[in-house]
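Me: Hello! I am new to reading protein models, and I would like to learn how to read one feature at a time. Could you take me through the one below?

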Amino acid sequence: MDRKDFIKQMRSWQNGSITRREFLGRTGLGLAAAVVATNMPGLLTGKAYGADKAIGDRVVLATWPNYHNAENFAAFAEKTGAHVQMNVFGSNEEMLAKLQAGGSGWDLFVPTNYTISTYVELGLIEPLDLSRLPNFDAASYEKRFMEQGIVNGKLYAVPKNWGTTGFVYDSDRIKSRPSSWKEFWELAKGEASGRVMVHDYQLTAIGNALKSFGYSFNSLDPKELADAEKLLLEVKPHLFAINSDYQPSMRNGDAWMSMCWTGDGSQLHRDLPNMQFTLGKEGGELWSDFFAIPKGAERPDAAYALINFLLDPQVNKLEVEAHGYPSGDKRVDALLPKAMLDDPIMYPAAELLSALEFGAAATLTSPERAELMARFKAA
C-alpha cells in the first residue's frame, strides 16, 4: 500500500465509513508507523512537546466524533510514547454529567464555548498555565472565538476551532434543495420520513426546532419551548435516529438528511458531492470549541504536551485539512490551500453568519430544556 492509499484508509476510519478493526487490517500498524515516520519527519521536536521528559504512556481525551487527524496522534505517540485514548461524546450535557459523577479518567476535554463558565462555577476545570503552552498565541484569534475561555480574568480554555450548526442532505434523494429549518422539519414528516437524523443534544435539537418558529436558539420561554416540543413530538415517529454521530448513516444511505456540524458537512461533501450542507435561513448556532483540563487530571503533563502540539500551526493545518473545521488561528489560515479558505461550508458568507447565535450558558443546566429533551427521546 502506498502513502496515498494509506491516507485514504486513514480518512475512511476518521469519518466512520470503516471501523478501527478494518483500518488496522487493511494497513497494518507497522506500515502506519512507517508512513508517519517517513512523511512527517521532525514534526515533533524539542521541549515544547514534552519530549525532554517522560509524560506517561497515554493521554485520555474526551472529544467529539470525526474531530481529529489520526496521523497527528500517531506522530505524537511516536515521539513522546504517550498514545491518545479518545472518549467520544455527542453532547456537552454528557460531558458535564460525566465530570460531575467523578472518576472520568480524562486528562483533557473539548468543551463548547457556552459551557466553560459552568465548569468554572462547579469547580470542574483547571485554569491553564500559559508557560506550558508556548504554541498558543492569543493575538492570532478573533476575540469572539476565544473570549469565553476566560472567566473572572483567568484563562481556563484555549481555542480548538469554530463552526456552525446546519443540516446536510443527500441531493440525489431530496430534490427540493431545502434552505430553512421549517423545510427541514416538513421534509422529516413528509418525503424524507424515516430517513432523517436529529442530534442527541438538547442545545441543537431544541434550538433548531425553536428557529423554525423564528424564536431564539437559546429560548427558555415556556410558550416557545412548548411550541418546539409539539413539533419535536410530531416529528419523532418519522425520524431514522436521534444520534450525534450521523456520518456512517448518511454515507451508507440509511439517512438522507441530518442536523450537521461544519466539519461533518465538509467531510461528507468532500467524499460525496451529492451531500449538501445548508445553514437554515432563520438562523441557528455559531460555536467555538476549546481545549481544557479537568480538575484533578491524572496526567496533566501529557495533557499540556498534547494541547501544545495540536496548537502548532503546522500541526493544526493538518488537523483542519482532515476535519474541515476552521481553526480561528490566523497563523493556520495562512498555511491552508485557497480552496479551503474559499469553501462556503467552512467560511459562510457574512450575512449567513450574522443570523447565528452563540449558545447561552443558561441552556446547559436548564431543567426545562433537559426535561423536554428527555420527553422527546422517550416518546
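Me: Is Asn152 buried or exposed?

Reply: Let's start with the general idea: a residue counts as exposed when its relative accessibility is over 50%. This is a predicted model, and in it Asn152 has 73% relative accessibility, so Asn152 counts as exposed.

Me: Where along the chain is Asn152 found?

Reply: Look in the loop between strand S4 (150–151) and strand S5 (154–155). While you are there, check the backbone angle: phi of Asn152 is near 55°, which is a positive value in a residue other than glycine.

Me: Which loop holds Arg177, and what is its phi?

Reply: Arg177 sits in the loop between strand S6 (158–170) and helix H7 (181–189). Phi of Arg177 is near 55°, again positive in a residue that is not glycine. Try the accessibility step once more: at 60%, Arg177 is over the 50% cut-off, so Arg177 counts as exposed.

Me: What about the chain as a whole? How much of it is buried?

Reply: Of the 379 residues in the chain, 56% are buried. The chain exposes about 15300 Å², and carbon and sulfur atoms supply 52% of that area. You can also ask how contacts span the sequence: among those between residues at least 6 apart, 76% join residues at least 24 apart.

Me: How many helices and strands should I look for?

Reply: You should find 18 helices and twelve strands in the chain.

Me: How do I read a sheet, and in what order do the strands go in the open one?

Reply: Here is the general idea: strands of a sheet pair through backbone hydrogen bonds, and the pairing is either parallel or antiparallel. In this model, three strands form an open sheet in the order S2-S1-S3, with parallel pairing. Strand S2 (83–88) and strand S3 (108–109) are the edge strands, each pairing on one side only. Between strand S1 (residues 58–63) and S2 there are six bridges. To see how they line up, find Leu61, which stands opposite Met86 in S2.

Me: Last one: what lines the second largest pocket?

Reply: A useful habit is to take the volume, then the lining, then the residue classes. The second largest pocket has a volume of about 290 Å³. Its lining has 13 residues, and Gln276, Phe277, Thr278, Pro344 and Ile345 lie nearest the centre. Strand S10 (residues 275–278) gives the largest share of this lining, three residues. By class, the lining has eight nonpolar, three polar and two charged residues.

Notes
Residues are numbered from 1 along each chain as its sequence is written. This is a predicted model: local features need pLDDT of at least 70, side-chain atom pairs count only at pLDDT 80 or more; totals for chains, interfaces and linings use all residues. Side-chain values use heavy atoms; hydrogens and water are left out. On a 1 Å grid over the protein atoms alone, a cavity is a set of points where a 1.4 Å probe fits but cannot get out, and a pocket is an open set with protein on both sides within 12 Å along at least five of seven lines; lining residues have an atom within 4 Å of a point. Grid points are joined across faces, edges and corners, and a volume is the space filled by probe spheres set on the points. Helices (H or I, at least four residues) and strands (E, at least two) are DSSP runs, numbered from the N terminus. Ala, Val, Leu, Ile, Met, Phe, Trp, Tyr, Cys and Pro count as nonpolar, Asp, Glu, Lys and Arg as charged, and the others, Gly among them, as polar. Buried means under 20% relative accessible area, exposed over 50%, partly exposed in between (1.4 Å probe, protein chains only). Contact means heavy atoms within 4.5 Å. Accessible areas come from the Shrake-Rupley method with a 1.4 Å probe; for residues, only the protein chains shown count as cover. Two strands pair if DSSP finds at least two bridges between them.
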